[in-house]
There are 4 protein chains.
Amino acid sequence: MSDNSFGTLFRVTTWGESHGPAIGCVVDGCPPGIALSEADIQPWLDRRRPGQSKFTTQRQEADQVRILSGVFEGRTTGTPISLMIENTDQRSKDYSDIASRYRPGHADVTYDLKYGHRDYRGGGRSSARETACRVAAGGVARRVIAELLGKAAVIRAALVQVGGLAVDRTRWDWDEVSRNPLFCPDPVTAVEWEGLLASVRKDGSSIGALVEVVAENFPAGLGAPLYGKLDAELAAALMGINGVKAVEIGEGFGVATLRGEDNADPMRMRDGVLHFERNRAGGILGGISTGQPIAARFAIKPTSSILVPVPSVNREGENIDVITKGRHDPCIGIRAVPVAEAMMACLLVDHLLRDQAQNSWHRGR
Amino acid sequence: MSDNSFGTLFRVTTWGESHGPAIGCVVDGCPPGIALSEADIQPWLDRRRPGQSKFTTQRQEADQVRILSGVFEGRTTGTPISLMIENTDQRSKDYSDIASRYRPGHADVTYDLKYGHRDYRGGGRSSARETACRVAAGGVARRVIAELLGKAAVIRAALVQVGGLAVDRTRWDWDEVSRNPLFCPDPVTAVEWEGLLASVRKDGSSIGALVEVVAENFPAGLGAPLYGKLDAELAAALMGINGVKAVEIGEGFGVATLRGEDNADPMRMRDGVLHFERNRAGGILGGISTGQPIAARFAIKPTSSILVPVPSVNREGENIDVITKGRHDPCIGIRAVPVAEAMMACLLVDHLLRDQAQNSWHRGR
Amino acid sequence: MSDNSFGTLFRVTTWGESHGPAIGCVVDGCPPGIALSEADIQPWLDRRRPGQSKFTTQRQEADQVRILSGVFEGRTTGTPISLMIENTDQRSKDYSDIASRYRPGHADVTYDLKYGHRDYRGGGRSSARETACRVAAGGVARRVIAELLGKAAVIRAALVQVGGLAVDRTRWDWDEVSRNPLFCPDPVTAVEWEGLLASVRKDGSSIGALVEVVAENFPAGLGAPLYGKLDAELAAALMGINGVKAVEIGEGFGVATLRGEDNADPMRMRDGVLHFERNRAGGILGGISTGQPIAARFAIKPTSSILVPVPSVNREGENIDVITKGRHDPCIGIRAVPVAEAMMACLLVDHLLRDQAQNSWHRGR
Amino acid sequence: MSDNSFGTLFRVTTWGESHGPAIGCVVDGCPPGIALSEADIQPWLDRRRPGQSKFTTQRQEADQVRILSGVFEGRTTGTPISLMIENTDQRSKDYSDIASRYRPGHADVTYDLKYGHRDYRGGGRSSARETACRVAAGGVARRVIAELLGKAAVIRAALVQVGGLAVDRTRWDWDEVSRNPLFCPDPVTAVEWEGLLASVRKDGSSIGALVEVVAENFPAGLGAPLYGKLDAELAAALMGINGVKAVEIGEGFGVATLRGEDNADPMRMRDGVLHFERNRAGGILGGISTGQPIAARFAIKPTSSILVPVPSVNREGENIDVITKGRHDPCIGIRAVPVAEAMMACLLVDHLLRDQAQNSWHRGR
């Protein structure tokens, strides 16, 4: 219900603006006894951190996370975990000229229409900077997953298309994702993207992208139909990432042209265990996980902060042209990769707890 | 939080199974003083009702809605509105043979994995029959919209593609949608679909589809960032409809190949009013409505209940082939049209109330 | 959040007015696999049913509950359980004269001030008739308790004071509670109360009362600090019963005059098990159950519907005197007894599930 | 739902332990455009701050609050307000000896039973130190009240009884409350309490107390029946304060011995306005405010941390005697006074927003 919280039992409340003194989040409902320290969270933040390549914003942020509560002697206590990241490179002067100018494609105008009073520095609350909090919370969620489900349960995402250039799936290598700054699973395509992004940047423009996220080796039974379906909540979690305009699960939009027998995934027993022969469903049937990989894909629009002028208006109601200087990612899809993993991790922990609440009794009989 | 409720301030809780005595819902949080009677709700149910053409299930249901509470002397009282629809054509014998057989593509197997004990008659809780409750709640939401915003605020949906056949947008006519049983805005395509569906049905198969839903003349400012964004909640509302596998807002997946200047919608003042020159954003920026049409599109898979045998297993862990006899829609996308409108209507009322709670003070100054 | 729902994971949403066609509730989040039928719920409703003695309203209601969903082949399925009770003895003509008159002590005036439009028949939504829904939901909760915790876990309430006449605790006998129509644990006091109530009724008046409710043999660890503390939620659950004006846990108001050493309950090991030597805490420390009896007491005001005239105003803003004819309980405390038990049962099931969600992992290690 | 959040639309999430690096809270849902700075919050914290008299803990805390987000150019932006207070005087060595000893009357044992792993330093999460966060949030709520309702709307609390010594209500003076360190509205009684507290402290013991809290000049119509009743949520808010064991509204427990005509508050028109001739209801009827003063009283137990030995057990299951050295309040009722005001303020803002959401439409017609 709370507008700045997500999750129900594993509940994350984030706070902070792009150019305030700090950003952070409170993770409530984490099971107690989970080993946790800053060192478990920092690597994920480092992965998302800006300024690491020429393809992301050159803003320099240490993004050092501090655990302020909820952990004692190295383990969670079941009380709220407060995480804080100080903003060190705020440089708000960069943004002073846009105080009264609505940047097209940005939330400047809608925040003003809704709230009347807006922190315009760097996008304020609507800045992608806030996603660092999600990644931090995702670090906590990953620890919970590791302890409850073991190491086989993994969540991974990758950039799979930039502009018109898609990865070649025959070359897909998950290990490659961490080797290049574009989170690309295909080293050949990664090089092509570098060329495309350099060209886009030279034009003062930006470009859209596609991201895929997959969770493997999670149990069947996760999801809370009818209005807490796993796919519905996953769609919300991904659509809520800055700039996302489309989400699909499994076969996604492709189902529109399929016939029933081509869509329904056949089942067979294999070594005494239920096995799906295909995964068009993306691991979810009726809003509940099947035990197969949970797979989603989403489209993220090109960065709206560009040097190409776009017609706009200002607060005074005058027509103007806006160009946005500053330090911007030519492709915000890149940094959406670790954010998507984090949202998936938090969502799955939430559903693990919800499922446990209602169903641990009959499973234990 | 509650798994069978949606909305936060305009909150709908649904109940009921395909073959139980009745289905229904409780609508809580409706503003008082709204004129409302069964006659305001029934037409929307009639529109969704099965058995009206050869392209939807031949199950015969009167789908007569009764208001059991929350309305007095023709107006809402602000207390919960209980709506009930009796199931009259249950014929559960049709389904007895699938008690222990998992129909591929259906939720049979996941309900069993999650809950251990499942009402297998006609899909039980996971049946699309439940969507009648959403449509009924949507009827209440439409009355609230009419009284709060006036008649200009309209919500409409249409089927825009069946299998590989898409409508010709140059022939788009909203009035056409109510003239044919396929909710098609283009009369020429409607005829082609009839041929396709007849062929699919003859094959004992089914086919996927695309649906579009648009809300026009709603105010700017709706949406509750960061985790109650209008687009995120709309994605959840649509992805939660039975069989939906993909959702997009505005330009949707198309943004992946756009450059920044082609994606961001230019703004200009027109007659002293802020005007967007394009609507690639689908009426939502930063999770908040811009005042433009709110536009979404979703893909719905082919009906899983088909006469073509698909490999499966049964509760006893034996390999079987499943064919599903009975009365089924060859294309569940058709009946998803009124459901999508209902979800949009409920969601927008919810956000009208949420926005009013937080922002009526400063707007009133 | 939803105003007409209580509980978080075991969530009850009630609907219905005193003189509408029916009242009912939806119980969401119940674990699947629990044996349940109308016969498990009806006895609790019969216990609360009006018209059973001369000391409660003479309204005649069969209060037959119907399960409309969520149960299949005698067991819960984990989907919402819809319960409905038809109103058979509505006689709304009795109330027509109070349409525009605000009965002192009733919610007539506040409903009008809040909602503008009020169902005035018999109190509408604010009538104690709605508590039948709570008792029905409590019947479901008791089944969950029996299956999860076994028969030792019991919840019992009793009337302990009517006006100035308190029970003699040396004569306390729980079995006596079901033998007299006043839910009195002390047969001698029960007779005295009958005399007092007859006298009050003869005067056309009413009288206040005290109720006690106790839950025994529930596990330690229930409660969700800091804002879902068991005592805080119990206080809300009891204060929310019609007419309740005060709630205390354990020693209650008596703690004001105690010294620390007299208040803190000493602990000792007994046969290897932690044992509290006293229960001033009422079974709750820091908002979490200790394993001792959870004990609360509450005061309920005299029925506001009396034949003694009280100064009031009407909707037209004229001064009037109001007397309320009709069928009323001289002491609403009597029928609050089964309601209190039901609220305690629902609350404890909710906390069992919440505790299970967060803590089953570390307990299982 | 979230265990460490209170409120629904004006939602406060607190975090932090007694001896961690900091404590704080996130206030979500605050209307935008409200003037707010640290200077609006600090005075309330100073009032609650320990170490100000010999009757409260000698722990020295500056309790300096910092606003980390949600405020820009001196006004709220409608985004989450993050407040942080650093813990400066932690001295955790004082507590090392109680790591494995369960202090009677404290939550040590229940936290261990529930979570298995407990931050034992100074009570950890269950310490009254957390109430500083509530007071800080209350400071934000008071600013909202001032802007929405004006200065006439005031919330005040006072200590009204310590042990057996109650204030003399004929000498009640609200101004006196801020003149003495005991928040006593009666200067004569204040002196007597000083004597009593000195004696209690000399004995190494502690003593219980009663607190009253009143909100005046709030509008009628606040409260969300049936399960968000104003009195029920107020009961939860007050019962949830550390050490509280009983809550009453208006006449409270006194209603048990009243007759109907003595309980129901008569109404009369006065200068064209509805006026209640009495306030036994404590300003609430049917869970909705009447416009009269909203008045509640609660009992708070004696501090459990005392020098008098009390039998207990330790984590190893051995019988021990516990005495608790350290810096403790002989009467925690004193510092509950500002906390009660803060809870009342937050609750009323929450209900102002909830009421506005549902009812602003018909009021505006």
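In the predicted model, the charged end of A:Arg142 is placed over the ring of A:Trp44, at 3.7 Å from the centre of that ring. In chain C, C:Arg142 lies over the face of C:Trp44, and the distance to the ring centre is 3.7 Å.

Aromatic pairs were also examined; over all chains, the structure contains 18 of them. One of these is formed by C:Tyr227 and D:Phe6, whose ring centres are 4.6 Å apart and whose planes enclose an angle of 50°, a tilted arrangement. This pair crosses between chains. On the chain C side, C:Tyr227 belongs to the loop between strand 10 (209-216) and helix 6 (230-239), whereas D:Phe6 is part of strand 1 (residues 5-6) of chain D. Both partners are classed as buried because their relative accessible areas fall under 20%: the value is 15% for C:Tyr227 and 13% for D:Phe6.

The arrangement of the copies was then considered. Chain A is superposed on chain B by a turn of 180° with a shift of 0.0 Å along the axis, giving an RMSD of 0.0 Å. The two copies are therefore related as by a two-fold rotation axis. Of the interface residues of chain A, 100% are also interface residues in chain B, so these copies meet through the same surface. For chains C and D, a rotation of 180° with 0.0 Å of shift along its axis lays chain C on chain D with an RMSD of 0.0 Å. Here, 99% of the contact residues of chain C recur in chain D, and the same surface serves both copies.

How values were computed
Residues are numbered from 1 along each chain as its sequence is written. Chains are lettered from A and ligands numbered from 1 in the order in which they are written. This is a predicted model: local features need pLDDT of at least 70, side-chain atom pairs count only at pLDDT 80 or more; totals for chains, interfaces and linings use all residues. Side-chain values use heavy atoms; hydrogens and water are left out. Copies are superposed by least squares on the C-alpha atoms of residues with pLDDT of at least 70 in both. Contact means heavy atoms within 4.5 Å. Rings of Phe, Tyr and Trp (its six-membered ring) pair if their centres lie within 6.5 Å; planes under 30 degrees apart count as stacked, over 60 as edge-to-face and the rest as tilted. Helices (H or I, at least four residues) and strands (E, at least two) are DSSP runs, numbered from the N terminus. Buried means under 20% relative accessible area, exposed over 50%, partly exposed in between (1.4 Å probe, protein chains only). A charge sits over a ring if NZ of Lys or CZ of Arg is within 6 Å of the ring centre and within 35 degrees of the ring normal.
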